[in-house]
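Work through the exercises below with the sequence and coordinates open. Each task is followed by a solution in steps.

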Amino acid sequence: MPTQPAAPLWGKTMDQNAIQPLLTVRNCRQSYHKEASADLVVLDDVDLTLQEGEIVGLLGRSGSGKSTLLRIVSGLLKPTAGEVKWRGETLHGPAAGVAMVFQSFALFPWLTVQENVELGLEALGVKKHEREERSEEAIDLIGLGGYDGAYPKELSGGMRQRVGLARALVVHPDLLLMDEPFSALDVLTAETLRTDLIDLWMDKKLPVKSVLIVTHNIEEAVLMCDRILVFSSNPGRVAHELTVPFAHPRNRFDPAFRQLVDDIYGIMTRRAPKEVQAAPAVPPTGFATPLHPVGTNLMAGLLETLSSPPYDGRADLPALAAALQYEADELLPLGETLGMLGFAELEEGDLILTETGKRFAEAETEDRKEIFATQLKAHVPLINAIRAVIDQRSNHRASAVRFRDELEDHMSPEYAEETLRTVISWGRYAEIFEYDEEAQQFGLEEEDEEEA
Amino acid sequence: MTNYTPSILAGRRLPNRWDGAALLLVMGLLIALVDVGRGTISTPIAAIQNTTIHLDPSYLPYYALRSTARMFAALFFSLLFTFTYATLAAKSRRAGMVLVPILDILQSVPILGFLTFTTVFFMGLFPGKVMGAELASVFVIFTSQAWNMAFSFYQSLTTLPNDLQEVSRSFRLSPWQKFWRLDVPFAMPGLVWNTMLSMSGGWFFVVASEAVTVGNTTFTLPGIGSYVATALREENLRAIFYAILAMLVVILLYDQLIFRPLVAWSAKFRFETTAAISGPEPWMLKLLRRTQLFREIGETVTGAMRAVFRLRLSFAATRQVDESREPSRAVDALWFTAIALVAAYAGWKIIGFISGTLHWHDLGQAMLMGTFTMLRVTVLMAVAAIIWVPVGVWIGLRPKATRIAQPIAQFLAAFPANLLFPPVVLLIVYYHLSADIWLTPLMLIGTQWYVLFNVIAGAAAFPGDMKEAVANFHIQGWLWWRKVMIPGILPYFITGAITASGGAWNASIVAEVASWGNHTLAAHGLGAYIAEATANGDTARVVLGVAVMATFVITFNRILWRPLYAYATRRTTLG
């Protein structure tokens, strides 16, 4: 970042002692109405208060409702219940003074950098002269000078997100909302953007009073935020709130930093507070448990890694994630799936291989399929249900549509589709059934058919 | 070249009650049109000064200009229709339920069959004035252009990227601003492409609509179409060749001055994140972009347009999306009842209109004729496939040949085939050939090029790594066609074939009956049936013929093309 005078360029000063919070969210709930059964709850009983001068992170896995909360805060989405107050007044739509940065950048490909940046000002009816002046200022601040006339498709991902940032900053919002702003970028580019943003924030050059950032990257949250809200899934709730006590600039390799990251991993892998504790060692999964779309090759790869040195059956999740270049968001569903199938166990941020998992890792292809089939039949009721229907039919065929419909009674259509896809892929690998995509029908292999 | 899904293929596969209602509404509307037209048919029409068409070629530039002007007037109305109709259909759930099926039916109705009545209708609006005939001509061209443009725009509006919509809302753009900043630009590539297809198809209708015979009066508007009609009557072969030459020049100019620059320019609006390798800039676009004078004019115009697009005009649309809100059942019920009532009224009108003059055996007759025409279309498609698939693949796999042949095929598709009819008719008359067989190729003479250029595009887009794999495994001969090339180009072939077959049905109305001086040739078919009924002023049979043809076309699309296209795209793409 070029060094610039530290004077507040934007004619605003931050007031740390503001009495009135910028934003309050009380008892917020978001659910989708289902005709057949109970409502599908995405967010449940969420509270959030934002003061001026802080960067707050919403951390959670995909599907934990954190992006939904961001959209509610932005005024794009109306919560099913609860109240959202912006500067003390109930929010009824996208508010002036709130600007958003998108994960996909969301730039208009047919507008130049400058036109993209000016978009928000046009909507406000700002005159041409002032528009140009302000967009120039924002473009320079964010390090895009010289790119004014370029189209987004000519820019790299990092440059595109800078345009997204400039477009949000140019309207001088009080609150900057960021929806996984760096997750579509490569590691180095993301790091540069993060530090540039934090530098501007510390130098008080950002024309914003507060930042709310959604992320699934634990290190990113610890690196940037003053306060982190950790979300749990199904339904999305604030499971934990913690303050990050470190001063900027923060050092990723500082032991205290590492410890905090480790602690958050622990929080995120901790089981939901003892609702199903009476159950056997492996938690039972109902017919309609959403399945993570984890491929069998990926599972096999992780089990092999886990069983060989240096892990030898036990791995610390942050370390494993770093070694495999995974983010928590990607690794956790993988670990959970292994746990569900009885191949491994998750414990306070550690992944531990079970006996079955070890056997699988050491087996040959055909044996692996058999082990996998056994585990599927033991732990995934959906697969048994499908096989049972196939066996009942005289022609040994069953329509996938009926299972999708049944799943949709219990989850959103997207999850139902994902779960069905996953179960098809697993069932095919384990050779429990065949699937005809064209007819959308389950069936049996010929030899099985003769037996049955 | 991009392969856009033809609008015919876009809708649902199975007909439902909305299609029924839409069919009733469309037919009812057409009958109302005919009714009004028939009412005015008896009023004296001699008042209009009948234009004399001179066969001297020096008049041709002027005639060509008049024809082109009609084309652009129709285009203007088509755009207006597209922006309003499609927007309404996309933004209002209730309006969309009925507007979309209506559009689907409209694009299958051969409006050419109604040429006489629309002419009379517009003449009735402006009695004794040339204006009426001009408007009638523009209207016919409009009906050949508007539907697929509107469909393309509607499809774009329903697939707007979610994040850009959120940007528009969170930065609080007004609906007007969003329309010009997001909706129109996003729809632009598909809209430009469909506009071009429409224009190409439009020339055919320009030519057909300039000389319309009602009873024993012929209305002529100065233009290339009426020039050809006069030449036919006077058996002047030389004049016909002049007309063909003039048309070639017009299409060439339109292709170079408008078509190519516009398509190249619209690439800017492609919704993709990587910069595509673009072909050479058309010289016209280069001229517009690089020349000082043109640039200044361009900047003034776009500057003024942007200022208009930037106006807020309204302050609404800053509301939240409320996902838990259910649409009001009561309003829905009211809306459904209203549509059902209007459809029932239209149905009653239709029955009243045809029951007086028609019997069941008329329907049988029309169906039989329809079957004849269907047979023709099917044979033609098969012949076109056998000829153009190998040729297209050969060209498409050779980049150099593609660069030369692709523009020629597109150019030929735009050429109005009805100008080429007279020489063929002359040959049939001269050699006493069977009209039933030899008039048939005329139906496809103009639209076969769609098959060719889509196949070329498909073969040219065939992935390089797959070509290498095929060479590596020594896949040749019949196996190569069966397992590699035909599946590879199938979606493209179907895209072309559907355009071609749709055009062939429409063309049958002018292609199954042809005349040269006093000789009139007629083949057996639904097109000839409609044309004859029109000539006799038998409105009931025209309506019946058109309805039967629309039903044939819709059924064809629904039970053949749509499943085939869905299958082809599903099977031949990864992921």
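## Exercise 1: backbone outliers in chain A

Asp45(A) is partly exposed, since 15 other C-beta atoms lie within 10 Å. The model is a predicted one.

Task: State where Asp45(A) is placed in chain A, and whether Ala106(A) is buried or exposed.

Solution.
- Step 1. Asp45(A) belongs to strand S2 of chain A, residues 40–50.
- Step 2. Its phi is positive, about 50°, although Asp45(A) is not a glycine.
- Step 3. Most residues other than glycine have a negative phi.
- Step 4. Ala106(A), also not a glycine, has a positive phi of about 50°. Ala106(A) sits in the loop between strand S6 (98–101) and helix H2 (113–124) of chain A.
- Step 5. The cut-off for a buried residue is 20 or more other C-beta atoms within 10 Å. Ala106(A) has 23 C-beta neighbours inside 10 Å and therefore counts as buried.

## Exercise 2: cis peptide bonds in chain A

Task: Which residue does a cis peptide bond join to Pro249(A), and which to Pro310(A)? Locate both prolines in chain A.

Solution.
- Step 1. His248(A) and Pro249(A) are joined by a cis peptide bond with omega of about -10°.
- Step 2. Pro249(A) lies in the loop that runs between strand S10 (237–243) and helix H7 (255–269) of chain A.
- Step 3. A cis peptide bond also joins Pro309(A) to Pro310(A), with omega of about 5°.
- Step 4. Pro310(A) is in the loop between helix H8 (296–307) and strand S11 (314–316) of chain A.
- Step 5. For reference, most peptide bonds are trans.

## Exercise 3: chain A as a whole

Task: How many helices and strands are there in chain A, and which domains does the assignment give for chain A?

Solution.
- Step 1. Chain A contains 16 helices and 16 strands.
- Step 2. The domain assignment divides chain A into domain 1 (23–269), domain 2 (296–361) and domain 3 (380–451).
- Step 3. Between the C-alpha centres of domain 1 and domain 3 of chain A there are 40 Å.
- Step 4. Of the 452 residues in chain A, 41% are buried.
- Step 5. Among contacts in chain A with a separation of 6 or more, 71% are between residues 24 or more positions apart.

## Exercise 4: two helix pairs

Task: At roughly what angle do the axes of H14(A) and H15(A) cross, and at roughly what angle do those of H2(B) and H3(B)? Classify both pairs and list the residues in contact.

Solution.
- Step 1. The axes of helix H14 (residues 400–408) and helix H15 (residues 413–429) of chain A come within 9 Å and cross at roughly 135°. That makes H14(A) oblique to H15(A), because an angle must be over 145 degrees to count as roughly antiparallel.
- Step 2. The crossing of H14(A) and H15(A) is right-handed.
- Step 3. From H14(A), the contact takes Ala400(A), Phe403(A), Arg404(A), Leu407(A) and Glu408(A); from H15(A), Pro413(A), Ala416(A), Glu417(A), Thr419(A) and Leu420(A). By class these are six nonpolar, one polar and three charged.
- Step 4. For helix H2 (residues 60–91) and helix H3 (residues 93–106) of chain B, the axes come within 6 Å and cross at roughly 130°. H2(B) is therefore oblique to H3(B).
- Step 5. The crossing of H2(B) and H3(B) is left-handed.
- Step 6. Tyr85(B), Leu88(B), Ala89(B) and Ala90(B) of H2(B) meet Ala95(B), Gly96(B), Leu99(B) and Val100(B) of H3(B). This contact has seven nonpolar, one polar and no charged residues.

## Exercise 5: domains of chain B and Leu33(B)

Task: How many residues does each domain of chain B give to the contact, and in which helix is Leu33(B) found?

Solution.
- Step 1. The assignment for chain B gives domain 1 (18–318) and domain 2 (354–575). Their C-alpha centres are 23 Å apart.
- Step 2. Domain 1 of chain B contributes 32 residues to the contact, and domain 2 of chain B contributes 33.
- Step 3. On the domain 1 side, helices H1 (17–41), H7 (175–209), H8 (224–233) and H9 (237–266) of chain B each supply at least two residues. That side has 22 nonpolar, six polar and four charged residues.
- Step 4. Leu33(B) is in helix H1 of chain B. With 15 other C-beta atoms within 10 Å, Leu33(B) is partly exposed.
- Step 5. Neighbours within four places in sequence aside, Leu33(B) is in contact with Phe114(B), Phe117(B), Thr118(B) and Phe121(B).
- Step 6. Phe122(B) is 89 residues from Leu33(B) along the chain, and their C-alpha atoms are separated by 9.8 Å.

How values were computed: Residues are numbered from 1 along each chain as its sequence is written. Chains are lettered from A and ligands numbered from 1 in the order in which they are written. This is a predicted model: local features need pLDDT of at least 70, side-chain atom pairs count only at pLDDT 80 or more; totals for chains, interfaces and linings use all residues. Domain bounds come from an automatic or database domain assignment. Two residues are in contact if their C-beta atoms, placed from the backbone, lie within 7 Å. Helices (H or I, at least four residues) and strands (E, at least two) are DSSP runs, numbered from the N terminus. Ala, Val, Leu, Ile, Met, Phe, Trp, Tyr, Cys and Pro count as nonpolar, Asp, Glu, Lys and Arg as charged, and the others, Gly among them, as polar. Axes are lines fitted to C-alpha atoms, for helices over the stretch in contact, and angles run from 0 to 180 degrees between N-to-C directions. Angles under 35 degrees count as roughly parallel, over 145 as roughly antiparallel, 65 to 115 as roughly perpendicular and the rest as oblique. A crossing is left-handed if the near helix is turned anticlockwise from the far one by less than a right angle, and right-handed if clockwise. A residue is buried if 20 or more other C-beta atoms lie within 10 Å of its own, exposed if 12 or fewer, and partly exposed in between; C-beta atoms are placed from the backbone.
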